[in-house]
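The following paragraphs lead a new reader through one protein structure. Please keep the sequence and the model in view while reading.

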Amino acid sequence: MSRSIVRQSKFRHVFGQAGKTEQGYDDIRVSKVTWDSSFCAVNPKFLAVIVESSGGGAFLVLPLSKMGRLDKNHPLVTGHTGPVLDIDWCPHNDNILASCSEDTTAMVWQIPDQMGTRPISEPIVVLEGHSKRVGIVTWHPTARNILLTAGSDNLIIIWNVGTGEALISMDDHPDLIYNVSWNRNGSLFCTTCKDRRLRVCDPRKREVVAERMAPHEGIRPMRAIFTRDGNLFTTGFTRMSQRELGLWDPTSFEEPIALLELDTSNGVLLPYYDPDTNMVYLCGKGDSSIRYFEITEEPPYVHYLSTFSSKEPQRGMGFMPKRGVDVSKCEIARLYKLHDKKCEPIAMTVPRKSDLFQDDLYPDTAGSDPALEPEEWLEGRDEDPILQSLRDGYVPPKSRELKVAKKNVLDSRPTTRRSMSSCDGSANLNSFPSLSVSSPSLSNFSSLSLIIRPYSDL
């Protein structure tokens, strides 16, 4: 008798669960700009959403704790003169956010912990260097104050936001750049372009070090991200407009490591990657589902795990850094799904019976301390992210606190029963419920003793 072999994985039963209604963020007018951006960025402190705004571009910043219906007078961040296209939180400072816009500029903002009542309209840095709209902004993963922008002028500029100067400019792309993704230590980045080419670039050498023509045969937009092993995970379309994902080794671009067809849909698949678990979450714009996969070293290399489905389609998605998940509930990822007028958190959880901290689910993750200064990175030095333990974020559940179900026997003292013959005349007669006295004058206490002795002997 043959048995089907089930692949062993601790992430095989990961399930998604949407937050309750009161845990969401309501009355948010999400931007209607036709741009393939996530429109949302989140970190352990704040949620930022690009919103509709008259007279320029704006985005909304909310503390994560400010759930429920949005106050109509809540201030916006309103410095751009054109619609905002992309936003990104700094990985090394939870109060710093970068934005880019159709007004050809990128801006860096200092967000206070306590939002006031007035709109924030003064950025701390304005980055001007593009001649057309800027559609992509992304921070360097390990070096302090290094920011990359890409615009519709097909130009990539890397900035030192501490000084406001452009460090590196690359014009190797002949057409519109769809997305940019850094590798783990920030020594390389990959790009996808409208010319259907996937490129790996070394910014400090200002050159393309690897290139692949049409990793997906369709003409619709592609996306690409680096995995922790240095491979490239891509999403795109086949010639028949089926959505497709692929895994590539940039040192040998001839054949894919894995290529998998998904379904037929027009929505661009936005990949969100977790290097700690080696899992990738695919969120299609206009879809009502989130698919997630595990990348391993065994065939077929990209393993489908499951799908989280809901009723309403998503306008965009935010991905929480691992520092912000709830480790006491075995939550390994949290996504923030944008609807037309609200944002809904979705927790990805590994079912475990134990209440203890799960070391195998939470290896040390990238912390908020930068590993390099801008000058060190520019001179050619590379460092992996400085890791931090998530054990400090673990809060033991209340059910593990000691609770005494029964009454503590030490708290109760047995009542001493004494006969009235040993008491003085001031004894409280109400303490003897069986005693009945008919005479108002109680002069003969020996008769009372005769009545009470049978009671005390019971």
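Asp-382 counts as partly exposed, at 32% relative accessibility. In this model, which is predicted, the side chain of Asp-382 meets that of Arg-204 in a salt bridge of 2.6 Å, N to O. Asp-382 lies in the loop between α1 (374-378) and β32 (387-388), while Arg-204 lies in the loop between β18 (197-202) and β19 (207-213), so the pair ties together parts that are 178 residues apart in sequence. Arg-204 itself has a relative accessible area of 17% and is therefore buried, since buried means under 20%.

Another salt bridge involves Arg-381 and Glu-383, whose side chains meet at 3.3 Å, N to O. Arg-381 is partly exposed, with a relative accessibility of 39%, and Glu-383 is also partly exposed, its relative accessible area being 30%. Elsewhere, salt bridges with shared partners join Asp-195, Arg-197, Arg-199 and Glu-211 into one network. Within this network, the side chains of Asp-195 and Arg-199 form a salt bridge of 2.6 Å, N to O. Asp-195 is buried, at 18% relative accessible area, and Arg-199 is buried as well, at 4%. The count of salt bridges comes to 22.

The account now turns to a sheet. Four strands, in the order β8-β9-β10-β11, form an open sheet with antiparallel pairing. At its edges stand β8 (84-89) and β11 (125-128), each of which pairs on one side only. From one strand to the next, the twist averages 20°. Strand β10, which covers residues 105-110, pairs with β11 in the antiparallel sense over four bridges. Val-108 has Val-125 in β11 as its bridge partner.

Two residues help to show the surroundings of β9. Ser-101 belongs to strand β9, which spans residues 96-101. Is Ser-101 buried or exposed? With a relative accessible area of 0%, Ser-101 is buried, because it falls under the 20% limit that defines the term. A polar atom of the Ser-101 side chain lies 3.0 Å from the backbone oxygen of Pro-83. Pro-83 also appears among the contacts of Ser-101 beyond four places in sequence, together with His-80, Gly-82, Val-84, Leu-85, Arg-133 and Val-134.

Asn-95 is found in the loop between β8 and β9. Its relative accessible area is 10%, so Asn-95 is buried. Which side chain makes a polar contact with the side chain of Asn-95? The partner is Lys-45, at 2.9 Å. Beyond four places in sequence, the residues that Asn-95 touches include Lys-45, Phe-46, Trp-89, Trp-109 and Gln-110, and also Ile-111, Pro-112 and Asp-113.

A further residue to locate is Gly-135, which has its place in strand β12 (residues 134-139). Gly-135 is buried, at 5% relative accessibility. Although Gly-135 and Thr-104 are 31 residues apart along the chain, their C-alpha atoms are separated by 8.9 Å. When residues up to four places away in sequence are not counted, Gly-135 touches Trp-35, Leu-85, Asp-86, Cys-100, Ala-150 and Gly-151. Leu-85 is thus one of the residues in contact with Gly-135, and Leu-85 is in contact with Ser-101 as well.

The last topic is the nonpolar interior. In soluble globular proteins, nonpolar side chains tend to be buried together. Here the largest nonpolar core has 39 residues, and those with the most contacts inside it are Ile-28, Leu-47, Phe-59, Val-61, Ile-111 and Tyr-336. Two or more residues of this core come from each of β3 (40-42), β4 (46-51), β5 (57-63), β8, β10 and β29 (331-338). Which element gives the most to this core? Strand β4 does, with six residues. Two strands of the open sheet described above, β8 and β10, are thus also among the contributors to this core.

Ile-28 shows how one core residue is surrounded. Apart from neighbours within four places in sequence, Ile-28 is in contact with Val-49, Val-51, Leu-60, Leu-62 and Leu-70, as well as with Asp-340, Lys-341, Lys-342 and Cys-343. Another core, of 26 residues, lies apart from the one just described; Val-268, Cys-283, Tyr-292 and Leu-390 are among its members.

Key: Residues are numbered from 1 along each chain as its sequence is written. This is a predicted model: local features need pLDDT of at least 70, side-chain atom pairs count only at pLDDT 80 or more; totals for chains, interfaces and linings use all residues. Side-chain values use heavy atoms; hydrogens and water are left out. Buried means under 20% relative accessible area, exposed over 50%, partly exposed in between (1.4 Å probe, protein chains only). A polar contact is a pair of N or O atoms within 3.5 Å; within protein, one must be able to donate a hydrogen and the other to accept it, and residues adjacent in sequence count only if both atoms are side-chain atoms. Contact means heavy atoms within 4.5 Å. Two strands pair if DSSP finds at least two bridges between them. Axes are lines fitted to C-alpha atoms, for helices over the stretch in contact, and angles run from 0 to 180 degrees between N-to-C directions. A nonpolar core is a set of buried Ala, Val, Leu, Ile, Met, Phe, Trp, Tyr and Cys residues joined through side-chain atoms within 4.5 Å. A salt bridge is a side-chain nitrogen of Lys or Arg within 4 Å of a carboxyl oxygen of Asp or Glu.
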